[in-house]
Amino acid sequence: MLTLNKVSLTYKNGKNAVPALEDINLNIVKGKSYAVIGPSGCGKTSLLYLMAGLIQPTAGEIRLAGKGPGKPQQKTAIILQEYGLLPWKTVWENAALGLKFRNVVGEEAQKILYPIFEELELTECLRRYPSQLSGGQKQRVALARALALRPELLLMDEPLSALDALTRENLQELILKLWRKHQITLILVTHSIEEAVYLGQEIVILSPRPGKIRAVVTNPGMGSKGYRHNQLFHQKCSEIRSILEENGQSEHTSQVCS
Ligand SMILES: Nc1ncnc2c1ncn2[C@@H]1O[C@H](COP(=O)(O)OP(=O)(O)O)[C@@H](O)[C@H]1O
Ligand SMILES: [Mg+2]
């Protein structure tokens with residue numbers, strides 16, 4: 001679905017060059033879910049922006065299913081860190097924003113959005129403003145906005161990191177359910193080992209900046225019933241932790257599982 005070939009990114013800050021990502025090779029397979037984990041500042045957000053076509057690599061190439069090197073793609077939705085909601089717009093207006101940019105408004109937008117509001121249990125709060133929502137509700141509005149675009153590829157940047165533990169687990173379940181139901185290709189950035197193992201069929205581990213791929217770990221138990229309580233889950237968490245610790249980079253990752 002998406003191929004990154006020897007992708008590097010260097011930010012130019014006046015005279016300074018900040019190398020953010022180096023020699024990233026990745027082959028994203030349609031319908032699979034990927035978790036990207038690595039220490040703070042290693043280039044995770046930059047990697048998502050590259051995949052969304054919002055920025056261009058300094059070297060290397062990104063290809064989306066047969067198309068040429070990327071521009072922002074119609075079939076891609078991205079959920080930014082901190083939800084990306086506009087505080088002066090209602091839940092309804094925030095969720096409809098992506099559609100509006102694509103000139104889908106009025107009844108047509110309603111037809112798409114109402115089933116999604118039902119699915120995400122947002123119907124009760126359509127007239128509220130983001131400040132009147134809980135963290136979990138805000139994240140569901142961001143999800144509604146993304147799903148309304150019927151994306152094939154959904155990119156999420158630390159979507160759950162601001163939430164309390166229980167809300168976080170509920171939303172992890174929701175993301176899993178949506179991923180299955182809508183058969184989306186999912187790429188989720190997280191700094192939580194547990195979340196990466198719960199939601200990623202493949203776990204991409206980045207090194208400290210400039211981010212390079214340290215390992216891609218296959219996680220065959222992902223999505224199985226009661227995985228969180230399974231011995232295999234805890235083994236996989238340890239495996240990821242060991243790889244992160246090899247480079248003394250575990251300090252920024254969560255300590256949820258031991
Ligand atoms: N626009 C920018 N200009 C210069 N440096 C940047 C810019 N955006 C990010 N960086 C730097 O690039 C590195 C990677 O950033 P980012 O992708 O946000 O990392 P992460 O999401 O893993 O925390 C960081 O060192 C950051 O300071
Ligand atoms: Mg980031």
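Me: Contact means heavy atoms within 4.5 Å, got that. What kind of model am I looking at?

Reply: A predicted one, where local features need pLDDT of at least 70, side-chain atom pairs count only at pLDDT 80 or more, and totals for chains, interfaces and linings use all residues. Residues are numbered from 1 along each chain as its sequence is written, chains are lettered from A and ligands numbered from 1 in the order they are written, and side-chain values use heavy atoms, without hydrogens or water.

Me: Cool. What order do the strands of the 6-strand sheet come in?

Reply: It goes E5-E6-E7-E3-E8-E9, in an open sheet with mixed pairing. Helices (H or I, at least four residues) and strands (E, at least two) are DSSP runs counted from the N terminus, and two strands pair if DSSP finds at least two bridges between them.

Me: Which strands stand at the edges?

Reply: E5 (76–79) and E9 (213–218). Each has a single partner strand, so one side of each is left without a neighbour in the sheet.

Me: How much are neighbouring strands turned against each other?

Reply: By 15 degrees on average, ignoring direction. For angles, axes are lines fitted to C-alpha atoms (for helices, over the stretch in contact), and values run from 0 to 180 degrees between N-to-C directions.

Me: Okay, helices. Which strands does H1 touch?

Reply: H1 (residues 44–52) packs on the sheet and touches E3 (33–37), E5, E6 (153–157), E7 (185–190) and E8. The direction of H1 makes about 155 degrees with that of E6.

Me: And which strands does H4 lie across?

Reply: E5 and E6, with H4 running at about 165 degrees to E5.

Me: Back to H1. How many of its residues are buried?

Reply: 7 of the 9, so H1 is largely enclosed by the rest of the structure. Buried means under 20% relative accessible area, exposed over 50%, and partly exposed in between, using a 1.4 Å probe and protein chains only. The buried residues of H1 are Lys 44, Ser 46, Leu 47, Leu 48, Leu 50, Met 51 and Ala 52.

Me: What happens just after H1?

Reply: There you'll find Gly 53, with a positive phi of about 80 degrees.

Me: New topic: how much of E3 is buried?

Reply: 5 of its 5 residues, so E3 is largely enclosed by the rest of the structure. Ser 33, Ala 35 and Ile 37 point one way, Tyr 34 and Val 36 the other way. In a regular strand, side chains alternate between the two faces of the sheet.

Me: In which sense do E3 and E7 pair, parallel or antiparallel?

Reply: Parallel, over 5 bridges, and Tyr 34 stands opposite Ile 187 in E7. E3 also runs parallel to E8, with 4 bridges joining them, and Ile 37 stands opposite Ile 205 in E8.

Me: How do E8 and E9 run?

Reply: Antiparallel, with 5 bridges joining E8 (residues 202–206) to E9. Glu 202 has Thr 218 as its bridge partner in E9.

Me: Where does Val 204 sit?

Reply: In strand E8. Val 204 is buried, with a relative accessible area of 1%.

Me: So what is Val 204 in contact with?

Reply: Leaving out its neighbours within four places in sequence, Val 204 is in contact with Leu 26, Ala 35, Val 36, Ile 37, Ile 213, Ala 215 and Val 216.

Me: And how many Å apart are Val 204 and Ala 148?

Reply: 27 Å, C-alpha to C-alpha, and they are 56 residues apart in sequence.
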